[in-house]
Each structure stands twice: as C-alpha cells, then as structure tokens.
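Colleague: I am new to this structure, and I would like to ask how each description of it is justified. Could we look at it together first?

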Amino acid sequence: MTCPGRNFVTLKIVTDQGLHGIGDATLNGREKAVVAYLEEHVVPLLIGKDASRIEDIWQLLYRGAYWRRGPVKMTAIAAVDTALWDIKGKAAGMPVYQLLGGASRDGVMVYGHANGADIQETSDEVGRYIEMGYKAVRAQSGIPGVKGAYGVGRGKLHYEPADATLPAETLWNTSTYLNFAPKLFDRIRNEHGDNVELLHDVHHRLTPIEAGRLGQSLEPYRLFWMEDCTPVENQEAFRLVRNKTTTPLAVGEIFSSIYDCKDLIQNQLIDYIRATVVHAGGITHLRQIAGLAALYQVRTGCHGATDLSPACMGAALHFDLWVPNFGIQEYMRHTEETDEVFPHAYSFSDGYLHPGEAPGIGVDIDEELAAKFPYNPKQLPIARLYDGTMWNW
Ligand code: CS2
Ligand code: MG
C-alpha cells in the first residue's frame, strides 16, 4: 500500500526465473479488504505455481473460491491476472498488446475531465483540454443550490473525491440538476463548436424516468455518452431509459463480472461498457466481456479515474490498443508523485495514449519511493437529499 497523493494497492509476483510482474489491486476506500483477501486467501495458493498458466490460475481463484464474484474478490483476482500477463510479456519479450493479437489502431482515444464551479468555469476548462489536444472531454459543473455536486474538485487536473477519513456529506437535488444540465451543454457547444466529443457522468443519481428526461434534454448537444444515469442493480431499468432517448448510454465502472452486464449487453440497452481491468477480474475476464459486447455493437469505454493506479492504466491501454470494439478510454492524470512511484512506458500525445513497446504491461513500481508515502485511510463521500434522506453518491 502506498499513498503518493492517493492510496494504491499493488501486487507484485516474483518468479524463480527472476522475472516479476505487477498488478493494481486498488478498491477506492476499501483498500485493506483487498489486501486481507490477497494475503490470507490468494497468496498462499500461488506459491510454487507455474506463472505461465494464467487461465488456469484465474479459474482456480474464481471457481475455486466457492464464494464467487464481488468487487473485493474480483479486484484481487485482477491483480494476480495483471501481474501474470506482465510476466508473460516479459518472458516473451513483447508488450501485452502483441500477446493479445496486436494493435487494432495507432493510438487510444482518451477523454479528460473538465470541471468548474459554474457553467463558465467548466466551459473554460473544456477549452483548456481542447488546447492540450484532447478530442473528447467530460464536463461536470457545480450547480447553484446543490452542495458538493459530483465531479467538481478542489483541484483541477487532480480531482480526488476520496478525501476524508470518514465519508464527507454532500447534498443532492434532482430537479435543480435536471434544469441545469442542458444549460451547461448549451454553453459548451456554443463556445467550442461540434469538433469535440462531450461526455457527462450522472453518477447513479436519477430514477429511470428522470434519466430518460435528461437524455432527451441533452439530445441537441450530441453527447458521446451519458454515464451511469441510474443505479444498475436492476439492469432491466435501462429499457425505460433507452425507449426515451437517443443519447448514447455508458455503464459499468462498478461492475466486477460479465454477469453484471450480460443482460444490458444482450438486450442492447447500452452503447458503452465501462468495466476495466482492476475491478473486472483482469485482462482475462475483461476480454470475455468485450467479446460478448462485440456481438451487439457495444463498445468499450474503460474506467480510468485516478483511483485506478498506473498499473491498471498500463494494462488497460494494451487491452484498448488491441480490442476490436474499442470506444474510448477515460484518462484522469495522476499526480507527479504517483507517476514517479510507478514509472511507465505509456505516453499521451494529441488526444491519444499509447501503451509503449516495453515488454509486459510497461509499468513498474519503485518500492523504495513507494515506502516514503505510507497508507492514509480515506473514504468516498456520501450524498443525502435536502430532507436528510440517504441518496446515491
Ligand atoms: C467516476 C469516478 O471516473 C468516473 O467516471 O465515476 O470518479 C468514481 O467516482 C471513482 O472512481 C470512485 O472511486
Ligand atoms: Mg463514472
């Protein structure tokens, strides 16, 4: 565990041939649950195993656990899986994207995060991202009358929601938000024109019918996607949203397995699947999700917030460069300290990331430096309605 600006859990696997691989095991705000699962229940099973048998080890950890799935276990499995792909790449002398089948594109289109206290500040931030070369930008704004709207940080490039030892309380008002959101995107389209892809994250706040209304009201601004418009425990709820709007729908950053999204995909209720390496069982499982999605023209849009470490980002970029049905990759820049603790081969240029040509995932951990940033417990905020009722953050 290390905290170079925020907490990360990293698993390192070492082989008797002298190779090592790393994998991200970070579950934001629940870090120690994954550490305990790894230490108590996973690491003892790995000692002495053949590191080349990625699939068999995945099955051992998944089927062999009896208590299947769930974010803690799937994150632990993902860490092992990523580290083993890293080792296989190093053993072969190839970057992981080559092992998967080679590049399907020259670079991975990413979207950055523009956020501001109000409409003008957010629109100005969108402009700043366009100047940095981004082809796609997610826009989130403070909302007058809503205390602590999602996505608006104190910092700009390094917005971090998990910033308190006990969950910070934010407030939510759906009517105010529904009236506000079209005004935000009207200003952004007017000021920045049609040549930028715009995205927006609703962060699970609306009921299905409210999500349908929002999608309709944003249609004139041609969003690339509207994300997590309603909680997804009930996958069927998306049929209602779908029937109301042509705004593309993205879901899945909190999914840990193919079973969380199979109905959404098979019924063509979403356009983008946001599951990523660290929370969805690693490269081995994510490629099954993408394979199912490809049958239904659902494209990938991997989660890439800063609570996913560079080890996840590196692995995701190899996956993105290869996956036939790629859509977009989220890219929230890490702090300089984080980048130093995790030296990496991936690089950003003109709106695209490339994983680089280093063997494996192309990301390592500087353990000496990591030790200088001790674990610092933090939790994500919670949200309440103005009458005190608990809501979805
Ligand atoms: C978000 C995340 O990136 C996103 O789309 O929804 O910021 C999310 O809130 C965090 O990853 C939670 O840990
Ligand atoms: Mg999100």
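Colleague: Why does Arg239 count as partly exposed?

Modeller: Arg239 has a relative accessibility of 33%, and the definition calls a residue buried under 20% relative accessible area, exposed over 50% and partly exposed in between, with a 1.4 Å probe and protein chains only. Since 33% falls in between, Arg239 is partly exposed. Keep in mind that this is a predicted model, in which local features need pLDDT of at least 70, side-chain atom pairs count only at pLDDT 80 or more, and totals for chains, interfaces and linings use all residues, while side-chain values use heavy atoms and leave out hydrogens and water. Residues are numbered from 1 along each chain as its sequence is written, and chains are lettered from A and ligands numbered from 1 in the order in which they are written.

Colleague: Where does Arg239 lie, and how far is its C-alpha atom from that of Leu292?

Modeller: Arg239 belongs to helix 8, residues 237-244, where a helix is a DSSP run of H or I with at least four residues, a strand is a run of E with at least two, and both are numbered from the N terminus. Between the C-alpha atoms of Arg239 and Leu292, which are 53 residues apart along the chain, the separation is 19 Å.

Colleague: What makes Arg187 partly exposed?

Modeller: The value for Arg187 is 33% relative accessibility, so Arg187 counts as partly exposed. Arg187 is placed in helix 6, which covers residues 174-192, and its C-alpha atom is 36 Å from that of Asp263, although the two residues are 76 apart in sequence.

Colleague: How do you know that Thr122 is buried, and which polar contacts does its side chain make?

Modeller: Thr122, in helix 5 with residues 119-131, has 0% relative accessibility and therefore counts as buried. A polar contact is a pair of N or O atoms within 3.5 Å; within protein, one must be able to donate a hydrogen and the other to accept it, and residues adjacent in sequence count only if both atoms are side-chain atoms. The side chain of Thr122 reaches the backbone nitrogen of Gly116 at 3.2 Å, and a contact of 3.4 Å joins it to the side chain of Ser141.

Colleague: Why is Val341 called buried?

Modeller: Val341 has 0% relative accessibility, so Val341 counts as buried. Val341 is part of helix 12, residues 336-341, and its C-alpha atom lies 9.7 Å from that of Lys372, a residue 31 positions away in sequence.

Colleague: What about the histidines: why do His200, His203 and His204 count as buried?

Modeller: His200 has a relative accessible area of 3% and is therefore buried; His203 is at 5%, and His204 is at 11%. His200 is in strand 6, residues 197-201, whereas His203 is in the loop between strand 6 and helix 7 (208-218), and His204 is found in that loop too.

Colleague: What is notable about the phi angles of His203 and His204?

Modeller: His203 is not a glycine, yet its phi is positive, at about 55 degrees, and for His204, also a residue other than glycine, phi is near 65 degrees.

Colleague: Which residues come nearest to ligand 1?

Modeller: There are 14 residues around ligand 1, and those that come nearest are Asn28, His203, Glu253, Asp307 and Glu330; a residue is near when one of its heavy atoms lies within 4 Å. By class, this shell has four nonpolar, three polar and seven charged residues, where Ala, Val, Leu, Ile, Met, Phe, Trp, Tyr, Cys and Pro are nonpolar, Asp, Glu, Lys and Arg are charged, and the others, Gly among them, are polar.

Colleague: How far from oxygen atoms of ligand 1 are the polar side-chain atoms of Asn28 and Asp201?

Modeller: The distance is 2.9 Å for Asn28 and 3.0 Å for Asp201, and an N or O atom in the side chain of Asp307 is 2.8 Å from an oxygen atom of ligand 1. Taken alone, ligand 1 exposes 340 Å², of which the protein buries 95%, the areas coming from the Shrake-Rupley method with a 1.4 Å probe.
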